[in-house]
Amino acid sequence: MKKYVIGLDYGTDSVRAVLIDTENGAELATSVSYYQRWKEGKFCKPEENQFRQHPLDHIEGLEKTISTVVKESGVAPENIASICIDTTGSSPLPVNKEGIALSLLPEFSENPNAMMVLWKDHTSINEAEEINHLARNWGGEDYTKFEGGIYSSEWFWAKILHINREDEAVKNAAYSWMEHCDYLTFLLSDNADLASFKRSRCAAGHKAMWHESWDGLPSKEFLGQLDSSLAELRDRLYDKTYTSDEVAGNLNEEWATKLGLTTNTVIAVGTFDAHSGAVGAKVEENTLIRIMGTSTCDIMVAPNEIIGDKTVKGICGQVDGSVIPGLMGLEAGQSAFGDVLAWYKDILTWPTHHILMNSNLIDENQKQLLKEEIENNLIRNLTLEAEKIPLSEVVPVALDWINGRRTPDANQELKMAISNLSLGTKAPHIFKALVNAICFGAKKIVDRFEEEGVKIEKVIGIGGVARKSPFIMQTLANVLNMPIVVAESDQAPALGAAIYAAVAAGIYPTVQEASQKMGSDFEAEYFPQVEKVEKYAEFMKQYQILADFTENNIKAKKKLTAESL
């Protein structure tokens, strides 16, 4: 009997489900659901770096997408062997003793502090700084050493500490906190006991300072020096973690009924989208997988004997089994990639949204057509014009830190900068500068891996940017001076989740074997253009000069502020 699996991939703006044939990785059905509350901007304050999401967006999307692929595929429910969920991260949310998200309770239904704290939320910059200071100075274990040596405001403990200090009611009501991938897996699973529920190795190791060498999470003594609430919370979290080829439980009766499935369907341990995306793209040793969307995650795997006791500085963690069980998973990334270009698009479309849309000179139908024309063609036209600009022409220099810097060396206080503007600078010049900036940020990550002794022989790009923008991919190949292949699948993270599901269901013995059988083929390859590589190396030096100036300026301002206090 043929077996099928479902991969469920939660991105920043939407969730998509794919139903996959385990024999060959063929996609039989797919469905996407956009988060309505998020789309309306609810619970967010971008000017304060606050980005929260209501779990109802995710729960409604789960039901809609999975039930749709089950119906559209025509596959008998009893032949759907397993489901695995991947999500953004670190995106934790508070839950009560029964594992119910606080924001699903009436008293917290409109409270942003009770929502899921999205990965890109940077309200906990000060708390992350406290964690880093304590880790270096408390006299005990440096719990950040397997996290690249720097703890980020994008991650688990910093976010919880910030919420606990800001909202007493949420702090007191939160029995525990769960990463997004754990919460949704728990929701589907027939194991309703928080204490024994299998938490994700990927999430815990890369974002919560979990490590086997110190028996799990940081000690209560360490956490208590930050805040007594964290020490108390530790007892209500977990000690062990599990890789995503393992079974978290079976689909419970409630959700089996909602989704049109049976309780025989296995639920695999959850994971993060970047890690499952790497599996969907057939990750191998010495291969850098770049998941390019609103931000990037850069994933590698290496044998434990190669990494040994070495800690790779300034990345987002190294965790045994987080990508492929038995291999060390290494993660890096940029806090903004597509978001840099989306920001610029928003700047340029402001007149349309705020002037033309309020004009009485054209009717509502014309307004909508004009809006769609600009939305659909702005980036395309900017790209066409930017491609025409010769490398000999003066182009501004920009940084990619519009949402801080994730790696190398996390620092979410950093800001974007643009220099070398003149009266001759046009919109395509700035667009080209921004494309250069996101590619230079990628080069810094590649350089850091190689400086730390992690060899890169191949680069694979996945995600919307990789598939839709040959201009960016060619620029990236020139900047990295490396060939880049692009995965064919539109849904590589969901496909990777489906691969984990196939192993958890016992259809394949290992993730490597399942990945080779079910993983994505490749549709394009970009080679460095020899005549342009040297010029981009010169531009990279200008990027570094601006980066050093900007970072030193922020440090100086911070020092002056501290001295004045």
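The following is a working chat about local features of a predicted model.

Colleague: What should I know about the model before we begin?
Modeller: This is a predicted model, in which local features need pLDDT of at least 70 and side-chain atom pairs count only at pLDDT 80 or more, while totals for chains, interfaces and linings use all residues. Residues are numbered from 1 along each chain as its sequence is written, and side-chain values use heavy atoms, with hydrogens and water left out.

Colleague: At what angle do the axes of α15 and α17 cross?
Modeller: The axes of α15 (residues 427-451) and α17 (residues 470-480) cross at roughly 45° and come within 9 Å. That makes α15 oblique to α17. Angles under 35 degrees count as roughly parallel, over 145 as roughly antiparallel, 65 to 115 as roughly perpendicular and the rest as oblique. Axes are lines fitted to C-alpha atoms, for helices over the stretch in contact, and angles run from 0 to 180 degrees between N-to-C directions. Helices (H or I, at least four residues) and strands (E, at least two) are DSSP runs, numbered from the N terminus.

Colleague: Is the crossing of α15 and α17 left-handed or right-handed?
Modeller: The crossing of α15 and α17 is right-handed, meaning that the near helix is turned clockwise from the far one by less than a right angle.

Colleague: Which residues make the contact?
Modeller: On α15 they are F431, K432, V435, N436, I438, C439, F440, A442, K443 and V446; on α17 they are F471, I472, T475, L476, V479 and L480. Contact means heavy atoms within 4.5 Å.

Colleague: How many of them are nonpolar, polar and charged?
Modeller: The contact of α15 with α17 has 12 nonpolar, two polar and two charged residues. Here Ala, Val, Leu, Ile, Met, Phe, Trp, Tyr, Cys and Pro count as nonpolar, Asp, Glu, Lys and Arg as charged, and the others, Gly among them, as polar.

Colleague: Moving on, which residues of α19 are buried?
Modeller: In α19 (residues 511-518), V511, A514, S515 and M518 are buried. Buried means under 20% relative accessible area, exposed over 50%, and partly exposed in between (1.4 Å probe, protein chains only).

Colleague: Why do they line one face of the helix?
Modeller: Seen down the axis of α19, the buried residues fall within an arc of 100°, so they line one face. The arc is that of the directions from the helix axis to the C-beta atoms.

Colleague: What do the buried residues of α19 pack against?
Modeller: They pack against the strands β1 (4-10) and β2 (14-21), together with the helices α11 (273-280) and α18 (492-504).

Colleague: Where is P483?
Modeller: P483 is in the loop between α17 and β19 (484-487). P483 is partly exposed, at 36% relative accessible area. Apart from neighbours within four places in sequence, P483 is in contact with V459, E525, Y526, F527 and P528.

Colleague: Which residues are joined by cis peptide bonds?
Modeller: One such bond joins G89 and S90, with omega about 5°; S90 is in the loop between β5 (80-87) and β6 (92-95). Another joins T407 and P408, with omega about -5°, and P408 is found in the loop between β16 (397-398) and β17 (418-419).

Colleague: And what is phi of N286 and of N420?
Modeller: Phi of N286 is near 65°, and phi of N420 is near 70°. N286 lies in the loop between α11 and β12 (287-292), whereas N420 is in the loop between β17 and α15. N286 counts as partly exposed at 26% relative accessibility, and N420 is partly exposed at 43%.
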